[in-house]
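Visitor: I should like a close look at a single part of this model, followed by an account of how the rest is arranged. Please begin with one strand and work outwards from there.

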Amino acid sequence: MTNTIGQKLKEIINPITTLYLSEAQTDNLPFCVYDPEYREERTKEGIYKVVGYITLFVVAMTFEQAESLMTAIKTAINGIESPQYNSTFIMEDKKSYEGVWILKAEYNINQYKI
Amino acid sequence: MAEERILGYNCRLKIQNKLLAGTTQDDLNISAVFKDSITKDDAGNKKSAIVGHEVTFSVSGIVTLGATAGTHLSRDEIIALSLLTGDDAIVGVEYVAGNGAAYEGDAVITSYSEGSGSEEEATYGLNLKISGSFTLKTGT
């Protein structure tokens with residue numbers, strides 16, 4: 001079983017704003033960065049689930065833009081509910097740093113063997 | 001022969017020649033059944049004789065629907081077996097640990113349970129007790 005949670009996030013978030021892994025490869029706002037942590041869970045048949053602990057950061061010039069993007073991203077993540085994926089929202093945080101808004105959201109995203 | 005240690009996933013219980021889908025743990029327990037005797041000549045020291053054994057299995061796992069037909073028992077099939085009565089409730093079991101010998105016997109399912117926390121996969125637990133003998137499988 002191959003972990004495809006990162007690919008799935010890119011598939012659903014890139015149409016909303018550019019998604020980067022761990023570090024933005026641009027100075028152009030807005031963008032989204034995700035930090036993933038993964039672990040695998042097994043039955044005696046092998047891996048049956050990948051548990052992803054995902055922290056997302058949306059970075060934008062205005063709060064309105066950041067919130068609009070984060071709302072769209074949350075909707076997209078909710079939309080991955082299927083036999084292969086499910087998600088659980090954990091917490092969010094909003095802060096401004098030197099005139100840039102950074103909205104943070106944490107999710108558990110599970111990928112199952114199908 | 002070199003020593004060989006095995007990881008737990010190599011230890012498997014089969015019921016009716018099928019594995020149980022979603023298994024995370026198989027536990028085998030063999031308990032001796034004693035008969036203790038005290039005579040005055042023992043001077044208070046019990047003598048124990050083993051007159052039999054009680055062999056039980058405990059299996060736990062992730063509830064799995066639509067398991068691979070033919071090789072695995074799904075949740076619904078396990079429940080169906082658990083609800084049988086009389087002679088129908090006696091199931092053949094086989095237990096093997098890696099490349100070690102296999103053991104077999106007849107068993108009855110003494111309990112089945114499911115747990116279903118809202119944010120985790122549903123889990124099951126199954127307990128069996130050997131009915132009759134539990135013996136080395138010929139040819140293993």
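Guide: The part chosen is strand β4 of chain A, residues 85-97, which is hardly covered: of its 13 residues, the count of those that are buried is 1. The model is a predicted one, and what follows should be read accordingly.

Strand β4(A) is joined to β5(A) by 12 bridges, and the two strands run antiparallel. Within this pairing, A:M91 stands opposite A:E106, a residue of β5(A). In a regular strand, side chains alternate between the two faces of the sheet. The hairpin formed by β4(A) and β5(A) has 2 residues between the strands, and in this hairpin A:E98 adopts a positive phi near 50°.

The partner strand leads to the interior. The largest nonpolar core has 23 residues, and those with the most contacts inside it are A:C32, A:L56, A:V58, A:A66, A:M70 and A:I73. At least two residues of this core come from each of α1 (5-13), β2 (31-43), β3 (46-60), α2 (63-78) and β5 (100-112) of chain A. The strand that gives the most is β3(A), with 6 residues. One member of the core may be followed further: leaving aside residues up to four places away in sequence, A:A66 touches A:P30, A:V58, A:A60, A:W101 and A:L103. Apart from this core lies another, of 19 residues, among them B:A21, B:A67, B:I109 and B:I130.

One of the residues touched by A:A66 is A:P30, and its backbone merits attention. The peptide bond from A:L29 to A:P30 is cis, with omega near 0°. A:P30 has its place in the loop between β1 (19-21) and β2 of chain A. The loop between β1 and β2 of chain A also holds A:S22, which has a positive phi of about 70° although it is not a glycine. A:S22 counts as exposed because it has 8 C-beta neighbours inside 10 Å, and the limit for exposure is 12 or fewer.

Chain B offers a parallel case. B:A43, a residue other than glycine, has a positive phi near 55°. The loop in which B:A43 is found lies between β3 (23-37) and β4 (47-62) of chain B. B:A43 has 7 C-beta neighbours inside 10 Å, and therefore counts as exposed.

The strands on either side of that loop also take part in the meeting of the chains. In this contact, 8 residues of chain B are in contact with 4 residues of chain A. At least two residues of the side of chain B that touches chain A come from each of β3 and β4 of chain B. By class, that side has 2 nonpolar, 4 polar and 2 charged residues.

As a whole, chain B has 1 helix and 8 strands, in the order β-β-β-β-β-α-β-β-β from the N terminus on. The C-alpha trace of chain B spans about 65 × 40 × 35 Å along its principal axes. Its radius of gyration is 18 Å, whereas a compact globule of 140 residues would have one near 14 Å. Buried residues make up 20% of the 140 residues of chain B. Among contacts in chain B between residues at least 6 apart in sequence, 59% join residues at least 24 apart.

Notes
Residues numbered from 1 in each chain as written. Chains lettered and ligands numbered in written order. Predicted model: local features only at pLDDT ≥ 70, side-chain atom pairs only at ≥ 80, totals over all residues. Helix = DSSP H or I, 4+ residues; strand = E, 2+ residues; numbered from the N terminus. Rg over C-alpha atoms; globule rule 2.2 N^0.38 Å. Contact = placed C-beta atoms within 7 Å. Core = buried A, V, L, I, M, F, W, Y, C linked by C-beta atoms within 7 Å. Nonpolar A, V, L, I, M, F, W, Y, C, P; charged D, E, K, R; others polar. Pairing = 2+ DSSP bridges.
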